[in-house]
Amino acid sequence: MTVRQATEKDLDRILAIYATAREFMKQTGNPTQWAGGYPASALLQADIAGGHLFVIEDGEILHGVFAFFPEGDLIYDTLPVIWQNTLPHGAIHRVASAGTARGVLRACVEFCLSVCDNLKIDTHKDNRVMQNALARLGFARCGVAEIPDVGERIVFQLCKKEQV
């Protein structure tokens, strides 16, 4: 699988991937994390325009999508959790799989680590599938925090050993 920046041409397929992910979350005990059609098309278009939305593909088939902010997310700097370090970080958001291939999150993380040695991500307390996948990939659980306009989230960090 390869990772590339998303384009406007990908938008319909990306929206379908997020719809599939929302349904999967409902079926696995996480019915509220992306309720109401989140993420909205306008947000995804802004991510595309800003160069922050990426797709994971194999040939012509899109298997996943995620937003990546190599310059970080300032909200993480304000959370009352115990990070592994306070160095600059990249932030991963809105990871979704079409359910058509294994290894979507791994491909996302490997790509992000190729850009930034220090990654942060959060997920809903009911998203046990994501929590377990993050742990398998080596992310450390750093705490639980209330994120404005989002709600309570479990936050994770993965950094190269020399940064710990």
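Colleague: Is Asp149 buried or exposed?

Modeller: In this predicted model, Asp149 counts as exposed, because its relative accessibility comes to 84%.

Colleague: And where is Asp149 found?

Modeller: Asp149 is found in the loop between β6, which covers residues 140-147, and β7, which covers residues 151-159.

Colleague: What about its backbone, where is phi of Asp149?

Modeller: Phi of Asp149 is near 65°, which is a positive value in a residue other than glycine.

Colleague: Arg94 has a positive phi too, I think; what is the value there?

Modeller: For Arg94, phi is near 55°, and here again the positive value belongs to a residue other than glycine. Arg94 is found in strand β4, and with a relative accessible area of 12% it is buried.

Colleague: Switching to the prolines, which peptide bond is cis at Pro39?

Modeller: The cis bond is the one that runs from Tyr38 to Pro39, and its omega is near -5°. Pro39 itself lies in the loop between α1 and α2.

Colleague: Then where does Pro80 lie, and is it buried or exposed?

Modeller: Pro80 lies in the loop between α3, residues 74-78, and β4, residues 90-97. With 72% relative accessibility, Pro80 counts as exposed.

Colleague: How far is the C-alpha atom of Pro80 from that of Val144?

Modeller: Those two C-alpha atoms are separated by 8.3 Å, although Pro80 and Val144 are 64 residues apart along the chain.

Colleague: Back to the helices on either side of Pro39: what is the angle at which α1 and α2 pack?

Modeller: Helix α1, residues 11-27, and helix α2, residues 41-49, pack at an angle of about 125°, and their axes are 11 Å apart. The two helices are therefore oblique to each other, and α1 passes α2 in a right-handed crossing.

Colleague: Which residues meet in that pair?

Modeller: On the α1 side they are Leu11, Ile14, Leu15 and Tyr18, and these meet Ser41, Leu44, Gln45 and Ile48 in α2. By character, the residues of this contact divide into six nonpolar and two polar, with no charged residue among them.

Colleague: What sits ahead of α1, say, where is the place of Asp10?

Modeller: Asp10 has its place in the loop between β1, residues 2-5, and α1. Its relative accessible area is 9%, so Asp10 is buried.

Colleague: Which residues does Asp10 touch?

Modeller: Leaving aside residues up to four places away in sequence, Asp10 touches Arg4, Gln5, Val55 and Leu62.

Colleague: Last topic, cysteines: how many disulfides does the count give?

Modeller: The count comes to zero disulfides. Cys142 is in no disulfide, and the nearest cysteine sulfur, which belongs to Cys159, is 8.2 Å away.

Colleague: Why is there no bond for the sulfur of Cys159?

Modeller: The closest cysteine sulfur to that of Cys159 is the one in Cys142, and at 8.2 Å it is too far for a bond, because a disulfide needs a pair of cysteine sulfur atoms within 2.5 Å.

Colleague: Are those two buried or exposed, starting with Cys142 and then Cys159?

Modeller: Cys142 is buried, with a relative accessible area of 8%. Cys159 counts as buried as well, at 10% relative accessibility, and the cut-off behind both statements is that buried means under 20% relative accessible area.

Definitions and conventions. Residues are numbered from 1 along each chain as its sequence is written. This is a predicted model: local features need pLDDT of at least 70, side-chain atom pairs count only at pLDDT 80 or more; totals for chains, interfaces and linings use all residues. Side-chain values use heavy atoms; hydrogens and water are left out. Buried means under 20% relative accessible area, exposed over 50%, partly exposed in between (1.4 Å probe, protein chains only). Axes are lines fitted to C-alpha atoms, for helices over the stretch in contact, and angles run from 0 to 180 degrees between N-to-C directions. Helices (H or I, at least four residues) and strands (E, at least two) are DSSP runs, numbered from the N terminus. Angles under 35 degrees count as roughly parallel, over 145 as roughly antiparallel, 65 to 115 as roughly perpendicular and the rest as oblique. A crossing is left-handed if the near helix is turned anticlockwise from the far one by less than a right angle, and right-handed if clockwise. Contact means heavy atoms within 4.5 Å. Ala, Val, Leu, Ile, Met, Phe, Trp, Tyr, Cys and Pro count as nonpolar, Asp, Glu, Lys and Arg as charged, and the others, Gly among them, as polar.
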